[in-house]
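Please walk through the predicted model shown here, starting from one helix and moving out to the nonpolar cores.

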Amino acid sequence: MSERKNIRALPLEELELVLIELGEKKFRAKQIMEWIWKKGATTFEEMSNLSVSLRTQLTDRYDFFHLTVDEKQISKDKTVKNAFRLHDGNIIEGVLIPSEERSTACISSQVGCSLTCKFCATGRLQRIRNLEPEEIFDQVKILNRQSIEMLGRPLTNIVMMGMGEPLLNYNNVIKGISYITSPDKMGMSPQRITLSTAGIAKMIKKLGDDKVKFNLALSLHAANDQKRSQIMPINEQNNLEALGEALGYFQEKTGNTITFEYIVFKDFNDGLEDASELASFAKKFISKINIIEYNPIDEGEFKQTTPEKLRAFAAFLESKKVIVNIRRSRGKDIDAACGQLANKNTQGLQFRKLKETT
Ligand code: SAH
């Protein structure tokens with residue numbers, strides 16, 4: 001394992017001190033930061049306005065720990081799934097989802113996931129580690145480049161809906177997002193970023209205290225504790241009452257609209273009574289509901305509801321004056337859709353081995 005430190009985790013002021021120590025002028029630090037954040041340099045070698053000896057000295061001391069694309073799969077609908085290799089050999093996934101007007105990046109927050117939502121493939125992996133802020137940023141940087149190459153335009157939206165539970169990696173996620181939005185880095189508007197959580201009440205409140213400007217989505221999937229606990233064990237410690245209270249607090253502090261995600265499972269949560277519970281819960285907030293198509297992850301337990309029941313479900317919600325969108329999934333043929341990210345590769349079936357924890 002390299003002893004070299006992460007250059008990108010170094011604040012400008014510290015880098016300035018390092019450069020002075022090396023007998024350089026302070027302004028070099030700004031130049032280096034520009035290479036890293038604006039020009040996307042991944043080696044000191046590329047920094048052509050630095051002396052060769054400075055480049056060598058920096059290379060001896062620092063690393064970039066940048067992500068590389070290990071494998072890229074392109075779906076029939078042009079969705080691109082990337083397996084990103086981290087500096088320690090772990091693999092995570094990030095997806096580029098093009099549509100008529102948008103180009104959306106779906107990014108991961110952890111290697112694996114510690115939650116065990118019954119319908120989610122990532123939930124079957126163990127959680128290996130949290131992603132660093134730079135690793136969160138790199139996914140966006142690479143997907144942005146792919147968007148420009150493939151579609152001739154930069155990313156328009158970012159959703160943190162890949163592997164992992166972002167609110168269980170709170171500090172790094174907030175820092176990663178700040179890199180994405182900071183004008184001296186990527187300068188993207190926070191309004192174009194959505195963080196999706198399985199619902200960690202305490203951390204939702206913290207988002208409120210931190211007055212975040214990005215959007216929040218909650219994976220609700222049932223507005224009834226007994227049903228929700230059955231499919232999302234996290235509901236046992238974060239039940240609907242606790243989540244409702246946290247969301248109210250978040251909304252009061254930020255004024256942001258809340259999105260509820262709801263997969264309509266056949267014969268489980270697709271009745272009008274379920275829709276009625278969902279409408280009552282959602283109406284406590286300024287909110288909208290995204291109905292997500294279920295992407296099968298095995299032969300098992302869960303199935304997508306029928307089109308008729310889905311229509312009735314959505315119509316009922318509309319009759320209760322809640323905003324409903326039905327979201328079609330993308331990239332299903334390459335397992336790039338929501339909940340399917342489990343490091344499957346082009347050979348299909350087998351989970352790819354993630355590095356063991358030590
Ligand atoms: N941990 C976060 C973000 C990752 S999951 C969260 O739970 O929100 C992103 C979204 O995909 C969530 O709404 C999740 O519930 C949904 N999802 C998981 N498995 C799915 C599947 N098999 N089909 C459709 N959506 C799924």
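What covers the buried residues of α10? The cover includes β12 (258–263), α9 (272–282), β13 (287–292) and β14 (323–327). This is a predicted model, in which local features need pLDDT of at least 70, side-chain atom pairs count only at pLDDT 80 or more, and totals for chains, interfaces and linings use all residues. Residues are numbered from 1 along each chain as its sequence is written, and side-chain values use heavy atoms, with hydrogens and water left out.

Helices (H or I, at least four residues) and strands (E, at least two) are DSSP runs, numbered from the N terminus. In α10, the buried residues (under 20% relative accessible area, 1.4 Å probe, protein chains only) are Leu310, Phe313, Ala314, Phe316 and Leu317. They lie on the same side of α10 because they cover an arc of only 155° around the axis, taken from the directions from the helix axis to the C-beta atoms. The face turned away from that side carries Glu308 and Arg311, which are exposed (over 50%). Just after α10, Lys321 takes a positive phi of about 65°.

A nonpolar core is a set of buried Ala, Val, Leu, Ile, Met, Phe, Trp, Tyr and Cys residues joined through side-chain atoms within 4.5 Å. The largest one has 101 residues, and Phe119, Phe260 and Leu317 have the most contacts inside it. Helix α2 (residues 28–38) gives the most to this core, with six residues. Leaving aside neighbours within four places in sequence, Phe260 is in contact (heavy atoms within 4.5 Å) with residues including Leu218, Leu247, Phe281 and Ile289. A second, separate core of five residues includes Val95, Cys106, Val159 and Ile334.
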